[in-house]
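User: Please take a close look at one enclosed part of this model and then work outwards from there to the rest of the fold. A connected account would help me more than a list.

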Amino acid sequence: MMTRISILFPSIVAVCHHFMLNVGVRAAPPGPSENWRLTFEDNFDFLDTTKWTKGWSWYDGNRHALPPVHTKASDTCYYADENVFVDSGNLVIVNRRKESHGFNYTSGVVNTLAYSSSQGFEQRYGYFEARIKPSPGGKNNTGMCPAFWMPNVLNAGDNGHAEIDIMEIPGGPAFGNGHTVYGTVHTRNDSHGYRHGNLTLPDSYFSGNYHDFALLWMPNNLTWFVDGNMFYTTAELVPNTPAYMVLDNEIGLGHRQPKPWWAGDPTHTPFPQTMLVDHVRVWEHVKS
């Protein structure tokens, strides 16, 4: 995932909404149900390694998959396999203040890059949805960035080419401090970089409840939802090649840039920090 510090720049198109959500609403694809076919579902009764790979998985820019790695240049943590597990029907991603491999923190990440026909999941277009309880926000909980996002098969490592971020909730005070969710599409072929919108809960944090975060990806449009509420749509920079899914809670994202950092500074944050995922589902659109 690319760092987001440049969202401050005027070349970026952004939309911001402030409103209360009905957190009891579970998201489903828009329109008649017969127009959709479920292609992926995980309710996390166990960690299904035919769907998920621990660590960061990337393509090399020529659609060749690279072996998983456990560090990422934009972050200040080591991604330890033991920090991702299933408990009581949730995928659990735990962040810890723990020295490991030269870092002062550990986190976890899983992805669905398709290493073979029997491992992983990738799809072009459809409705992508996950029910997530992010790690806590607030002034005492900076430094995290819970996220549900999709690198593209055209990526060369984490270069952001055709990347879609379904949900990011940065802990940095300048970027919402846990009150604000961002949806973004990136490209390396456009001088303006990316398009994004966001939604803010002015009186509460997203970590207070589970929320449904979803993306409708159609050939000529991208639309983002929280709990069934649309908060951003764009017809620009829409990718036309498949993507795979990532669930993570990055520590110190943006630390290589001048402050303010996207995720914020984790130095004084209490640990452990936990992100929970109830389920992930994907549908493809079929002709009625």
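Analyst: In this predicted model, the largest cavity is lined by Ser-135, Pro-136, Gly-137, Asn-141, Met-144, Pro-146, Ile-169, Pro-170, Gly-171, Asn-177 and Gly-178. Its volume is about 40 Å³, and a search of the whole structure finds one cavity of 30 Å³ or more. Sorted by class, the lining is made up of five nonpolar and six polar residues, with no charged residue; glycine is counted here as polar.

Among the lining residues, Asn-177 can be followed further. Asn-177 sits in the loop between β12 (164-168) and β13 (180-186), and it counts as buried because its relative accessibility is 10%, where the cut-off for burial is under 20%. Once its neighbours within four places in sequence are set aside, Asn-177 touches Gly-137, Gly-138, Lys-139 and Thr-142, then Pro-170, Gly-171 and Gly-172, and also Tyr-205. Of these contacts, Gly-137, Pro-170 and Gly-171 are themselves part of the cavity lining, whereas Lys-139 is in contact with Asn-177 but is not listed among the lining residues.

From the cavity one can turn to strand β10 (residues 126-133), which is joined to β15 by seven bridges, the two strands running antiparallel. In this pairing, Ala-130 has Phe-213 of β15 as its bridge partner. Strand β15 (residues 211-218) is largely enclosed by the rest of the structure, because seven of its eight residues are buried. β15 also pairs with strand β16 (residues 221-226), again in the antiparallel sense, over six bridges, and a hairpin of two residues connects β15 to β16. Within that pair, Trp-217 stands opposite Leu-222 of β16. The pairing continues from β16 to β17, which are antiparallel over five bridges, with Thr-223 matched to Thr-233 in β17. The hairpin of β16 and β17 likewise has two residues between its strands, and there Asp-227 takes a positive phi near 50°.

Trp-217 also leads into the packing of the interior. The largest nonpolar core has 39 residues, of which Trp-217, Leu-247 and Val-280 touch the most other members. Strand β20 (residues 273-285) gives the most to this core, with four residues. Val-280, leaving aside its neighbours within four places in sequence, is in contact with Phe-40, Glu-41, Asp-42, Phe-44 and Trp-52, with Glu-129 and Ala-130, and with Phe-148, Met-245 and Leu-247. These contacts thus include Ala-130, the residue whose bridge partner in β15 is Phe-213, and Leu-247, which like Val-280 is named among the residues touching the most other core members. Apart from this core lies another, of 16 residues, among them Trp-56, Tyr-79, Val-153 and Phe-271.

Phe-271 of that second core also takes part in a backbone feature, since a cis peptide bond, with omega of about 5°, joins Phe-271 and Pro-272. Pro-272 is placed in the loop between β19 (246-251) and β20.

Other loops show backbone features of another kind. Ser-88, although not a glycine, has a positive phi of about 55°; Ser-88 is found in the loop between β5 (84-87) and β6, where it counts as exposed because its relative accessibility is 69%. Leu-237 is a further residue other than glycine with a positive phi, in this case near 60°, and it lies in the loop between β17 (229-234) and β18 (243-244). In the loop between β6 (90-95) and β7 (106-107) lies Gly-102, which is exposed, with a relative accessible area of 83%. Gly-102 and Tyr-78 are separated by 24 residues in sequence, while their C-alpha atoms are 8.1 Å apart in space.

Seen as a whole, the protein has 20 strands and zero helices. Of its 288 residues, 56% count as buried. Among contacts between residues at least 6 apart in sequence, 73% join residues at least 24 apart. Val-280 with Phe-40 and Asn-177 with Gly-137 are examples of contacts between residues at least 24 apart in the chain.

Notes:
Residues are numbered from 1 along each chain as its sequence is written. This is a predicted model: local features need pLDDT of at least 70, side-chain atom pairs count only at pLDDT 80 or more; totals for chains, interfaces and linings use all residues. Side-chain values use heavy atoms; hydrogens and water are left out. Buried means under 20% relative accessible area, exposed over 50%, partly exposed in between (1.4 Å probe, protein chains only). Contact means heavy atoms within 4.5 Å. A nonpolar core is a set of buried Ala, Val, Leu, Ile, Met, Phe, Trp, Tyr and Cys residues joined through side-chain atoms within 4.5 Å. Two strands pair if DSSP finds at least two bridges between them. On a 1 Å grid over the protein atoms alone, a cavity is a set of points where a 1.4 Å probe fits but cannot get out, and a pocket is an open set with protein on both sides within 12 Å along at least five of seven lines; lining residues have an atom within 4 Å of a point. Grid points are joined across faces, edges and corners, and a volume is the space filled by probe spheres set on the points.
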